[in-house]
Amino acid sequence: MRFLPSLLLAAAASSAGSSTLAQAPPEPAKPWGYLYFIRTQKLFPLTLAESSIGRLPENDVVLTSTRVSRRHAVVRKKAEGAELVDVGSSNGTKRNGEPLRARSQAPLTPGDRVEIAEEVALYHETLPDLWRDELRHRLLAGILKLRQHLPQDVTRKAFGREEIDAAVTEARVSSETGGVEVEHSVPLDPESGFPEESGAFVGDVEVANDVLELSLWTAARRESMTSRRASYSTLKHTTLRVSITGGAGGAGGPSGGAEPGPWFPPHLLGSLFDVFPDEPEFSLQFAVSLAGQERPQALSDAASCLSFRHRLNPSEWKLILMAAQAKGLWVDKEIAERGLSLGAEDKEHLAEALEEARSWLEQAKALGAKDEPGKEAEAALVRASERLSRIQASPP
């Protein structure tokens, strides 16, 4: 019996330890994906094996629109990825513009657009990828009203040919004050460039190392950028790079932060520009105009805009076909202009661009692209491939 006290003490210690463990709050489940609804700017982390979407408050993803069914759809985590299922909604569910049949599974991959009735969401597996995509949806192929006067690229003669000095504006926005400091790579001419209060078309959007970079275009004549009568015959171009100081980044963004949200918040970007509501017809006209230019920057931006427009309208083969042709022409012009100055990394980047353009061409063919336009795009890619092969084979 002399062992009883020690056994009781051991049992008591074990019981106390169990009680302590039981009282510790469970670690929150790590999200395996995210849905971000563009109109309401609401972010929903996905942590369950099956997340229900609908209007009833007991859903995991609650949407208040009256067009959303009480229980509308579900997103499931699978061993090979994720899937989206419409559970019999009244107003339907779409993935990348394609309607889902009721109770049939559709694979969900990062970057997909999910439409729950009229509510559009982006799906991604990580927050950094999600916020990059959110920025492109917010800005690419859109119209900005500038709050700063920006210089335009400068064309000069050098050795009998024209060369372009890129106008790059570095803008640093303070998260504490909302104020902005700008620095231009070329002199700011009060009579030219992109004057304050003028409009600019967003040709491309890049995010890297906490910096948002916008490739901006405008018509040379003093006409409103929102006017469809604006002349595209002479275009101006500039580049705007934005960084935000003061730790304003959202959770999942490179600069961290307590609250989930983009690390380039709209209210801070407002010191540089306002964003017009989306005008698909005007955006398409401007993108097609860029695709008809000789300048590599214009062709590259046209490919970005047209492929983005195809993403919003996946059944339209002309958009992705024009994007493929523009990218092929861009590679061809880029090599012609830069020649032997291209480094190994540049050549690899051009090869990847051609591979993407070929995949776009195949998409267009699968959607029913007609022979003649398809042949023109294919010819552009063949010329670019041959030129790239020659430059790759040349000695360093």
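Contact here means heavy atoms within 4.5 Å. Keep that in mind as you work through this predicted model.

**Exercise 1. Get your bearings: find how many helices and strands the chain has, and what share of its residues count as buried.**

Start with the elements: there are eight helices and 20 strands. Next, look at burial: of the 396 residues, 45% count as buried. Then turn to the surface, which comes to about 20,700 Å², with 51% of that belonging to carbon and sulfur atoms. One last step is about sequence distance: among contacts between residues at least 6 apart in sequence, 58% join residues at least 24 apart.

**Exercise 2. Trace the six-stranded sheet and work out which strands are at its edges.**

Walk across the open sheet and you meet the strands in the order E2-E1-E11-E10-E7-E8, with antiparallel pairing. The edges are E2 (42-46) and E8 (98-99), each of which pairs on one side only. Now zoom in on one pair: E1 (residues 33-37) is joined to E11 (residues 119-124) by four bridges. In that pair, Leu35 sits opposite Tyr123. Finally, add the helix: H2 (residues 127-139) lies across E1, E2, E10 (113-116) and E11, and runs at about 140° to E11.

**Exercise 3. Do the same for the seven-stranded sheet, and explain why one side of E16 and of E20 has no neighbour in the sheet.**

First, the order: this open sheet reads E16-E15-E19-E18-E17-E12-E20, and its pairing is mixed. E16 (180-184) and E20 stand at the edges with a single partner strand each, so one side of each is left without a neighbour in the sheet. From one strand to the next, the twist averages 35°.

Now see what "mixed" looks like. E15 (residues 168-174) and E19 (residues 235-245) pair in the parallel sense over seven bridges, and Arg172 has Ser243 of E19 as its bridge partner. E12 (residues 143-146), on the other hand, runs antiparallel to E17 (residues 199-208), with three bridges between them. E12 also runs antiparallel to E20 (residues 273-275), again over three bridges. Two residues of E12 show this nicely: Leu144 stands opposite Ala200 in E17, and Leu146 stands opposite Phe273 in E20.

**Exercise 4. Describe how H4 and H5 meet, and say which classes of residue make their contact.**

Begin with the geometry: the axes of H4 (residues 280-291) and H5 come within 8 Å and cross at roughly 145°. The crossing is left-handed. On the H4 side the contact includes Leu284, Ala287 and Val288, while the H5 side includes Ala302, Cys305 and Leu306. Sorted by class, the contact has eleven nonpolar, one polar and two charged residues.

**Exercise 5. Is Ser304 buried or exposed, and which residues does it touch?**

Locate Ser304 first: it is in H5 (residues 296-312). Its relative accessibility is 14%; buried means under 20%, so Ser304 counts as buried. Leaving aside neighbours within four places in sequence, Ser304 is in contact with Arg136, Leu140, Gly203 and Asp204.

**Exercise 6. Find where Asn313 sits and how far it is from Asn96.**

Asn313 is in the loop between H5 and H6 (317-338). With 35% relative accessibility, Asn313 counts as partly exposed. Now compare two distances: Asn313 and Asn96 are 217 residues apart in sequence, and 7.9 Å apart in space from C-alpha to C-alpha.

Technical notes: Residues are numbered from 1 along each chain as its sequence is written. This is a predicted model: local features need pLDDT of at least 70, side-chain atom pairs count only at pLDDT 80 or more; totals for chains, interfaces and linings use all residues. Side-chain values use heavy atoms; hydrogens and water are left out. Two strands pair if DSSP finds at least two bridges between them. Buried means under 20% relative accessible area, exposed over 50%, partly exposed in between (1.4 Å probe, protein chains only). Axes are lines fitted to C-alpha atoms, for helices over the stretch in contact, and angles run from 0 to 180 degrees between N-to-C directions. Accessible areas come from the Shrake-Rupley method with a 1.4 Å probe; for residues, only the protein chains shown count as cover. A crossing is left-handed if the near helix is turned anticlockwise from the far one by less than a right angle, and right-handed if clockwise. Ala, Val, Leu, Ile, Met, Phe, Trp, Tyr, Cys and Pro count as nonpolar, Asp, Glu, Lys and Arg as charged, and the others, Gly among them, as polar.
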